[in-house]
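Here are my notes on the model you asked me to look over. Keep the viewer open while you read, and find each residue as it comes up.

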Amino acid sequence: MATFTGTTAPQPPPQVTGGDGLGPVRLPVDSETHQFDEWTISYTKSHILKSVCVNDNRCVAGDAGCCELCVYNFQLELPHLPDMVFHRNVLRLCHSSGAVLEFRPIDALKRVRNEKPELKVACSDEWRESRPEASQALEKVKDFDWSFTTDYSGTVNERLRVEPTEQRIDMLKLKRREPILFYHDLTLFEDELHDHGISLLSVKVRVMPSGFYILQRFFLRVDGVLIRVHETRFHYEKGNDYLLKEFTHREARVEQLKQVHPALFTDPNEIVQHLPVVRQVNEKVTIVSATT
């Protein structure tokens, strides 16, 4: 272990500024890259976003020394962030053509409404009635969607064209046994709703010899009130110049799930099978060549 002598104070480790505009990076940052077909698939994974400004609330928007928390607060219009924001957890897929598909916590939180839609007002009222001790906490955040519901389904650049399609992801094909060449699961943000449920956004990628599959899932459980799941799937088959995308919104009030064992309410993989589909959108994501 290194020791210090004399009156010279230990110097803090040097800061490294990331290329994502989120301020200085505090090392270590886990990362891994996998090459598949013409795609470079990578992820970065690091610590949870700090809950206080490290510059004593003196950060200035756009300044190079702006801390990570303030960068988030300046870009978002939310009065409160989730308990745990994994701000440097990013899944990125880059095609040799320059096309990019990525999944970023800050982009997902930009899709959280800074107001309460009518449905959420009703849920908030029911939650308050069933959990009197939570009413004070809810009053503090009554003007925004405290469930952090987001319909975020990934971020694409101009080299990817997204349009409606009649084509569907072949789930039976995805169930075939194949070697797993690369796999990772990232949490983007999580909030325990003052110990009365959970709001969780995660994304996982699986690469097989035939192609790759991505599942991003937003899971919301408000205890005694509601369960909601937003799932976005992407499937790429080797050799294609496109991906198929499917967004599905499932939701049910707890009283609609009386035939389901409550133990399943905490398992997104299980409970999703019992939730009715509210909305589904199927799209084709095509790689746009430089000459198009």
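The points below go from the whole chain down to a few single residues.

1. Before anything else, keep in mind that this is a predicted model. The chain has six helices and 15 strands, so expect to spend most of your time on strands in these notes. 

2. Next, some totals for the chain. Of its 292 residues, 48% count as buried. The exposed surface comes to about 15600 Å², with carbon and sulfur atoms supplying 49% of that area. Contacts are worth a look too: take those between residues at least 6 apart in sequence, and 65% of them join residues at least 24 apart.

3. Now find the open sheet of eight strands. Reading across it, the order is β5-β10-β11-β12-β13-β14-β15-β9, and the pairing is antiparallel. The edge strands are β5 (84-85) and β9 (160-164), each of which pairs on one side only. As a reminder from class, strands of a sheet pair through backbone hydrogen bonds, either parallel or antiparallel.

4. Pick out β13 in that sheet. How many of its residues are buried? The strand covers residues 226-237, and 11 of its 12 residues are buried. In the sheet order, β13 sits between β12 and β14.

5. On one side, β13 partners with β12 (residues 211-222). The two run antiparallel and are joined by 12 bridges. To check the register, look for Gly211, which stands opposite Glu237 in β13. Together β12 and β13 make a hairpin with three residues between them, and in the turn you'll find Gly224 with a positive phi of about 75°.

6. On the other side is β14 (residues 242-253), also antiparallel to β13, with 10 bridges joining the two. Two pairs help you line them up: His235 stands opposite Leu244 in β14, and Leu226 stands opposite Arg253 in β14. These strands form a hairpin as well, with four residues between them. Gly239 in that turn has a positive phi of about 95°.

7. There's another hairpin to find, made by β3 and β4. Strand β3 (residues 30-36) and strand β4 (residues 39-45) pair in the antiparallel sense over seven bridges. Glu32 stands opposite Tyr43 in β4. The hairpin has two residues between the strands, and Asp37 takes a positive phi near 55°.

8. Where is the largest pocket, and what lines it? Its lining has 19 residues, and those nearest its centre are Met171, Tyr213, Leu215, Arg217 and Arg233. The elements giving two or more residues to this lining are α5 (171-174), β11 (197-208), β12, β13 and β14. The pocket has a volume of about 450 Å³. By type, the lining residues divide into seven nonpolar, four polar and eight charged.

9. Let's zoom in on His249, which has its place in strand β14. Why does His249 count as buried? Because its relative accessibility is 14%, and the cut-off for buried is under 20%. Leaving aside neighbours within four places in sequence, His249 is in contact with Arg228, Val229, His230, Pro276, Val277, Val278 and Arg279. His249 and Gln280 are 31 residues apart in sequence, yet their C-alpha atoms are 6.3 Å apart in space.

10. Asn282 lies in strand β15. Asn282 is buried because its relative accessible area is 12%. Its contacts, again without neighbours within four places in sequence, are Pro164, Thr165, Gln167, Arg168, Lys245 and Glu246. Asn282 and Phe247 are 35 residues apart in sequence but 6.5 Å apart from C-alpha to C-alpha.

11. Last stop: Thr286, also placed in strand β15 (residues 277-287). Is Thr286 buried or exposed? Thr286 counts as buried, at 8% relative accessibility. Not counting residues up to four places away in sequence, Thr286 touches Arg159, Leu160, Arg161, Glu163, Asp241 and Tyr242. Leu160 and Glu163 fall within the range of β9 (160-164), one of the edge strands.

Notes. Residues numbered from 1 in each chain as written. Predicted model: local features only at pLDDT ≥ 70, side-chain atom pairs only at ≥ 80, totals over all residues. Heavy atoms only, no water. Buried < 20%, exposed > 50% of the residue type's maximum accessible area, 1.4 Å probe, protein only. Pairing = 2+ DSSP bridges. Contact = heavy atoms within 4.5 Å. Areas by Shrake-Rupley, 256 points an atom, 1.4 Å probe, with all protein chains shown as cover. 1 Å grid on protein atoms, 1.4 Å probe; cavity = no way out; pocket = protein on both sides within 12 Å on 5 of 7 lines; lining within 4 Å. Points joined across faces, edges and corners; volume = space filled by probe spheres on them. Nonpolar A, V, L, I, M, F, W, Y, C, P; charged D, E, K, R; others polar.
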